[in-house]
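User: I would like to go through this model step by step, beginning with its strands and ending with its interior. Could you answer some questions about it?

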Amino acid sequence: MSLFDRFKKKTNQNTPTISPTADTICLLLMDRVLDNIDAIADSLKSAFGDQAVSEIDYDHPRVPAFMVTINGYEFWCSYLPMPVPADTADISTSAQYSFLLTDEEKQAFVNHQSFFMLAQKGGGISLDKKREVSWTFSLFCAALLEQEGAVGVHIINRGGLLVSKRHYLQQRELMEDKTPDNDESYFPTPLWVWVYGTYQDETPVIQTMGLKDFGLPELGFYNPTQYSTAELLDFLYSMSSLQITGRQLYRNATLIPLDEKTEVICKQSGDILFFFGA
């Protein structure tokens with residue numbers, strides 16, 4: 001039995017209905033202020049072809065911008081030579097609660113000096129399209145992160161995910177020679193879904209934040225006691241990948257085997273599906 005096979009459903013019940021977020025937006029943070037972005041544009045041309053990158057628009061001299069076309073999707077890219085404004089994103093708080101950042105990476109995010117705003121408008125109109133847009137966006141971000149001074153990516157969604165350059169490029173390697181509709185139920189979920197610890201009333205839970213952007217219910221473990229945080233992260237990333245790739249959609253009152261000894265019950269709470277018994 002493969003890791004993914006463990007999570008197949010035994011029953012079907014109603015599941016929350018959520019619309020995907022059509023627009024997809026990321027911030028790519030830098031540890032320095034760039035004199036210009038010509039080298040960035042040239043690097044993207046090398047990665048995706050000369051015709052993929054438009055001329056740089058300097059109409060606003062402090063905020064140069066250009067378009068990148070990859071796999072038929074247009075991405076708007078602008079560079080802002082300043083830290084991310086607090087009313088746009090709370091980078092410090094997101095860094096504080098991220099399981100996957102080292103202390104050095106958290107500090108690098110907090111101390112960033114400038115950023116790129118990257119956006120794809122209107123492409124994510126269905127689960128299939130949102131998956132394709134996000135996959136292509138991952139290739140775009142990874143190419144930018146190869147640049148000197150890149151810190152990592154902040155996803156502008158219902159969560160607050162930060163992904164370090166190190167972790168992002170590791171996921172990019174796993175995407176090599178795959179397509180958004182690969183046969184392995186693989187999707188670079190850690191680049192798009194935040195898994196974090198919180199409380200439901202006074203009960204500890206560990207849950208996802210970001211699946212709603214794909215039109216899917218968030219997933220979580222309610223009061224887990226049998227598994228380590230690392231094991232729960234693996235479960236939630238694997239289960240999220242199955243949802244995003246359309247291979248498995250979890251339902252209220254579904255029984256899910258986690259391993260040979262443990263089976264959990266899925267219960268709906270609003271637009272979150274919690275697993276009890278872990």
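The questions and answers below concern a predicted model.

User: In what order do the strands of the open sheet of six strands lie?
Analyst: The pairing in this open sheet is mixed, and its edge strands, each of which pairs on one side only, are β7 (194–200) and β10 (255–257). On average, neighbouring strands of this sheet are turned by 30° against each other, direction ignored. Read across the six strands, the order is β7-β8-β9-β12-β11-β10.

User: Which helix packs on the sheet, and what angle does its direction make with that of β9?
Analyst: The helix that packs on the sheet is α6, residues 229–244. Its contacts take in β7, β8 (203–209), β9 (218–222), β10 and β12. The direction of α6 makes an angle with that of β9 of about 150°.

User: Which residue takes a positive phi in the hairpin of β7 and β8?
Analyst: Strands β7 and β8 run antiparallel and are joined by seven bridges, with Gln200 standing opposite Thr203 in β8. The hairpin that they form has two residues between the strands. Of the residues in this hairpin, the one with a positive phi, near 60°, is Asp201.

User: Why is β8 described as largely enclosed by the rest of the structure?
Analyst: On its other pairing, β8 meets β9 in the antiparallel sense over three bridges, and there Ile206 stands opposite Phe221 in β9. Counting as buried a residue with under 20% relative accessible area, one can regard β8 as largely enclosed by the rest of the structure because the buried residues number six of the seven.

User: In which sense do β9 and β12 pair, parallel or antiparallel?
Analyst: Strands of a sheet pair through backbone hydrogen bonds, and either sense is possible. Between β9 and β12 there are five bridges, and Leu219 stands opposite Leu273 in β12. Strand β12 is itself mostly covered, with four of its five residues buried. The sense in which β9 and β12 pair is parallel.

User: Which residue of the hairpin of β11 and β12 takes a positive phi?
Analyst: Strand β11 (residues 263–269) runs antiparallel to β12 (residues 272–276), and five bridges join them. Along this pairing, Cys266 stands opposite Phe275 in β12, while Ser269 stands opposite Ile272 in β12. The hairpin has two residues between the strands, and the positive phi, near 65°, belongs to Gly270.

User: Within what arc do the buried residues of α1 fall, seen down its axis?
Analyst: Helix α1 (residues 38–48) has Ile40, Ala41 and Leu44 as its buried residues. Seen down the axis they line one face of the helix, because they fall within an arc of 95°.

User: What covers the buried residues of α1, and which exposed residues does the face turned away carry?
Analyst: The cover over the buried residues of α1 includes β2 (65–70), β4 (114–120) and α4 (127–145). Just after the helix, Gly49 takes a positive phi of about 105°. The face of α1 turned away from its buried side carries the exposed residues Ala39 and Ser46.

User: How many cavities of 30 Å³ or more does a search of the whole structure find, and what is the volume of the largest cavity?
Analyst: The search of the whole structure finds one cavity of 30 Å³ or more. The residues lining the largest cavity are Ser98, Phe99, Leu100, Leu161, Leu162, Trp194, Val195 and Tyr237. The volume of the largest cavity is about 40 Å³.

Methods
Residues are numbered from 1 along each chain as its sequence is written. This is a predicted model: local features need pLDDT of at least 70, side-chain atom pairs count only at pLDDT 80 or more; totals for chains, interfaces and linings use all residues. Side-chain values use heavy atoms; hydrogens and water are left out. Two strands pair if DSSP finds at least two bridges between them. Axes are lines fitted to C-alpha atoms, for helices over the stretch in contact, and angles run from 0 to 180 degrees between N-to-C directions. Contact means heavy atoms within 4.5 Å. Buried means under 20% relative accessible area, exposed over 50%, partly exposed in between (1.4 Å probe, protein chains only). The arc is that of the directions from the helix axis to the C-beta atoms. On a 1 Å grid over the protein atoms alone, a cavity is a set of points where a 1.4 Å probe fits but cannot get out, and a pocket is an open set with protein on both sides within 12 Å along at least five of seven lines; lining residues have an atom within 4 Å of a point. Grid points are joined across faces, edges and corners, and a volume is the space filled by probe spheres set on the points.
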